[in-house]
Amino acid sequence: MFIWIGCELPKEFELDIRDACLEASGGLELDFSCFTLPQHISLKISFQAGQDYEPVLDFVESLLRKEKRFYVNPKEPEQAGSILWLAFRESGTLRRLHNLLDRDLKRWFGIPQHLFDKAFAFHSTLAMGKPEEIAAYKARLEGLDLPESLEIPAFLLGISESGKGGTYRVVRRIAL
C-alpha cells in the first residue's frame, strides 16, 4: 500500500483554482487525475508502506495531531517537466513538517528517503501532460489571481494500492 500526506487547502480556494484551471485548459490534452483528491500541498513524496500500513497511518496522525493551524503563501504556477503545479513559498512550518516525517518514518518504519524528498518543493499539482502542453497551459494561467496567504484547515492522509496518480483516496482528515 502507498501512503500520501498533504495539507488540505481551504475549500473556497480549491473551487476557485479548479475553475480557473479547467477554464484555461480548453483544447489542451491534460490529465486532471490530481483532482480526484482535495486540493492540497504535498508534505512528502508518496511512499510504499506494505500491506500492514495502519500503524504507519496511526503514527503519522499522532505526529500531525500536535500541530496548530498555520498559513501558507502561494506563488505562481511552475512547470516541472510534465507536471504543472502551484508552488508555495517554503516556510519554517512546512520544512519542519517535511523533515519530521522524512526522519521519523525512516527511523520507526524503515521508509527510505525518496530522491525528490532531498530537495523537496512544496506544491499543489494542477495537471499533468506532455511538456509542450503543460508549457502552453502554464502560459494561459499567467497572472492567476492568488491570495497572499491561506490558512491550512487540516492534514489529509491517503492510500493507494498502486501508487499511481488518480488512484489515491483520503482515509483520514486531521482537523487543525
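C7 is buried, with a relative accessible area of 0% (buried means under 20% relative accessible area, exposed over 50% and partly exposed in between, with a 1.4 Å probe and protein chains only). Its sulfur sits 17 Å from the closest cysteine sulfur, that of C34, which is too far for a bond. C21 counts as buried too, at 0% relative accessibility. C21 is in no disulfide either, the nearest cysteine sulfur being that of C34 at 8.0 Å. Over the whole structure, the search turns up zero disulfides, a disulfide being a pair of cysteine sulfur atoms within 2.5 Å.

A word on the ground rules. The model is predicted, so local features need pLDDT of at least 70 and side-chain atom pairs count only at pLDDT 80 or more, while totals for chains, interfaces and linings use all residues. Residues are numbered from 1 along each chain as its sequence is written, and side-chain values use heavy atoms, with hydrogens and water left out.

Now to the sheets. One open sheet has four strands in the order β3-β1-β9-β10, with antiparallel pairing; strands here are DSSP runs of E of at least two residues, helices are runs of H or I of at least four, and both are numbered from the N terminus. Two strands pair if DSSP finds at least two bridges between them. β3 and β10 (169-175) stand at the edges with a single partner strand each, so one side of each has no neighbour in the sheet. Ignoring direction, neighbouring strands of this sheet are turned by 20° against each other on average. Inside the sheet, β1 (residues 2-8) and β9 (residues 154-160) pair in the antiparallel sense over seven bridges, and I3 stands opposite I159 in β9. Helix α2 packs on this sheet and touches β1, β3, β9 and β10, its direction making about 30° with that of β10. Axes are lines fitted to C-alpha atoms, for helices over the stretch in contact, and angles run from 0 to 180 degrees between N-to-C directions. Contact means heavy atoms within 4.5 Å. Helix α3 packs on the sheet as well, touching β1, β3 and β9, with its direction at about 10° to that of β3.

The other open sheet described here is built from four strands in the order β2-β7-β6-β5, and the pairing is again antiparallel. Its edge strands are β2 (30-31) and β5 (74-80), each pairing on one side only. β6 (residues 83-88) and β7 (residues 123-129) pair in the antiparallel sense over five bridges, with T125 in β7 as the bridge partner of W85. Helix α4 (residues 131-140) lies across β2, β5, β6 and β7, running at about 155° to β5.

What about the packing inside? Nonpolar side chains in soluble globular proteins tend to be buried together. The largest nonpolar core has 50 residues, and those with the most contacts inside it are I3, I5, L43, V72, L105 and Y137. Such a core is a set of buried Ala, Val, Leu, Ile, Met, Phe, Trp, Tyr and Cys residues joined through side-chain atoms within 4.5 Å. Helix α2 (residues 54-64) supplies the largest share of this core, six residues. Setting aside neighbours within four places in sequence, L105 is in contact with I5, K44, F47, V56, F59, V60, L100, G110 and I111.

The search also finds five aromatic pairs in the whole structure. Rings of Phe, Tyr and Trp (its six-membered ring) pair if their centres lie within 6.5 Å, and planes under 30 degrees apart count as stacked, over 60 as edge-to-face and the rest as tilted. For F32 and Y137 the centres are 6.1 Å apart and the planes stand at 80°, so this pair is edge-to-face. It links distant parts of the chain, with F32 in the loop between β2 and β3 (40-48) and Y137 in helix α4, 105 residues apart. Y137 is buried at a relative accessible area of 0%, and ring pairs link F32, F35 and Y137 into a cluster.

Y137 turns up again in the surroundings of A24. A24 belongs to helix α1 (residues 11-24) and counts as buried at 11% relative accessibility. Leaving aside neighbours within four places in sequence, A24 is in contact with Y137, R140 and L141. F120, in the loop between α3 (92-109) and β7, counts as buried at 5% relative accessibility. With the same neighbours within four places in sequence left out, F120 is in contact with S42, L43, K44, I45, R95 and H98.
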